[in-house]
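Please walk through this structure with me, from the overall fold down to single side chains. Keep the sequence and the 3D view side by side.

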Amino acid sequence: MINLKTKLSKIELKKIKTLYKRSFPKCERKPFAMILRSCAEQKGEIYAVYKNAKFVGLCVSLISPGAVLIDYLAILPKFKAQKIGGAVLSNLMQIYENKTIFCEIESTENLENFEKSNKFRRKRFYLKNGLFDTGIKISLWGVKMELLSNRKNAKFDEYFKIYTYAYGANFNPKIKQI
C-alpha cells in the first residue's frame, strides 16, 4: 500500500533532501530552500512516499489556483520497478482531480539509442500512467524540456502561471517556450 505524507518531521525532510540531490542533476534542481518556502506559503507540497510504512520516495508539487506541476518525483533505487511511481501518480491525479496537472521531462528529441535512453523510459512511464504529450517544448534554466499533462489540450500559459504564482515575476525569465 502506497501512502503520501505531507506533514513531515526534520528526519523525513532530511531523507527527502538526500534523495532529491541524488536523483536529479544539478542543472534541474531548484534550491531546496526555495521549495520549502513555496510549501510554507501553501503554493507547493512535498510528499514523503511510503510503502507499508517504509520511506521509498518523494514528490514535490507546485500549486496554483487552476493547475499543478509535479515538479519532482523520485523513488529510491531499491524500490524501483515495483509500480510505486505509478501509484503515486494515481494518488496525485485524485488529489488534484479538478486541476490541470503538468510534468516537465528532459527533451527526448535527437536521442541516440532512443529505446534504451532513461529519458525515453521516463516519458513512457508518464504516458503509461495517464499523462499526455502536449507537444509543448520549453527551456527551463537553459535545459530543453517537454511538457506532459493530464489534459491533451493543456496550454503553456496555464503552466507558466504556476511558476508566476509560486515564485513571482522574477522567475519568469528562466522559462521560455521554444
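Five helices and eight strands make up the protein in this predicted model. Read from the N terminus, the order is β-α-α-β-β-β-α-β-α-β-β-α-β.

Next come the overall dimensions. The C-alpha atoms fill a box of roughly 40 × 40 × 30 Å along the principal axes. The radius of gyration is 15 Å. A compact globule of 178 residues would have a value near 16 Å, so the protein agrees with that expectation.

How much of the chain is buried? Of the 178 residues, 47% are buried. Contacts tell us about sequence range. Among contacts with a separation of 6 or more, 58% link residues 24 or more positions apart.

Now the surface and the charges. The protein exposes about 9,900 Å², and carbon and sulfur atoms supply 51% of that area. There are 34 positive side chains and 15 negative ones. The centres of these two sets lie 8 Å apart.

With the whole in view, turn to individual residues. Start with tyrosine 50, in strand S2, which spans residues 44-51. Is tyrosine 50 buried or exposed? Its relative accessibility is 13%, so tyrosine 50 counts as buried; the cut-off for buried is under 20%. Its contacts beyond four places in sequence include Met1, Ile2, Asn3 and Lys5. Phe55 and Val56 are also among them. Methionine 1 is 49 residues away in sequence, yet the two C-alpha atoms are 8.0 Å apart. Glu12 is another contact of tyrosine 50. Here the two side chains make a polar contact of 2.4 Å.

Strand S6 covers residues 132-140, and phenylalanine 132 lies in it. At 32% relative accessibility, phenylalanine 132 counts as partly exposed, because that class runs between the 20% and 50% limits. Leaving aside neighbours within four places in sequence, phenylalanine 132 is in contact with Leu127 and with Leu147, Leu148, Ser149, Asn150, Arg151 and Lys152. Alanine 33 gives a distant reference point. Phenylalanine 132 and alanine 33 are 99 residues apart in sequence and 31 Å apart in space, C-alpha to C-alpha.

Threonine 134 lies in strand S6 as well. With a relative accessible area of 17%, threonine 134 is buried. What does its side chain reach at 2.7 Å? The partner is the backbone oxygen of leucine 147. Beyond its sequence neighbours up to four places away, threonine 134 touches Leu147, Leu148, Ser149, Arg151 and Ala154. Leu147, Leu148, Ser149 and Arg151 also appear among the contacts of phenylalanine 132.

Arginine 151 leads on to threonine 100, found in strand S5, residues 100-106. Threonine 100 has a relative accessibility of 3%, so it counts as buried. Which side chains make polar contacts with that of threonine 100? One is arginine 151, at 2.6 Å. Another is glutamate 158, at 3.1 Å. The contacts of threonine 100 beyond four places in sequence also include Gly66, Ala67 and Val68. On the other side of the sequence, they include Ser149, Asn150 and Ala154.

Look once more at Ser149 and Arg151. Both are in contact with phenylalanine 132, with threonine 134 and with threonine 100. These two residues therefore touch residues of strand S6 and strand S5.

Note on methods
Residues numbered from 1 in each chain as written. Predicted model: local features only at pLDDT ≥ 70, side-chain atom pairs only at ≥ 80, totals over all residues. Heavy atoms only, no water. Helix = DSSP H or I, 4+ residues; strand = E, 2+ residues; numbered from the N terminus. Rg over C-alpha atoms; globule rule 2.2 N^0.38 Å. Buried < 20%, exposed > 50% of the residue type's maximum accessible area, 1.4 Å probe, protein only. Contact = heavy atoms within 4.5 Å. Areas by Shrake-Rupley, 256 points an atom, 1.4 Å probe, with all protein chains shown as cover. Lys, Arg positive; Asp, Glu negative; His and termini not counted. Charge placed at Lys NZ, Arg CZ, Asp CG, Glu CD. Polar contact = N/O pair within 3.5 Å; in protein donor to acceptor, adjacent residues only side chain to side chain.
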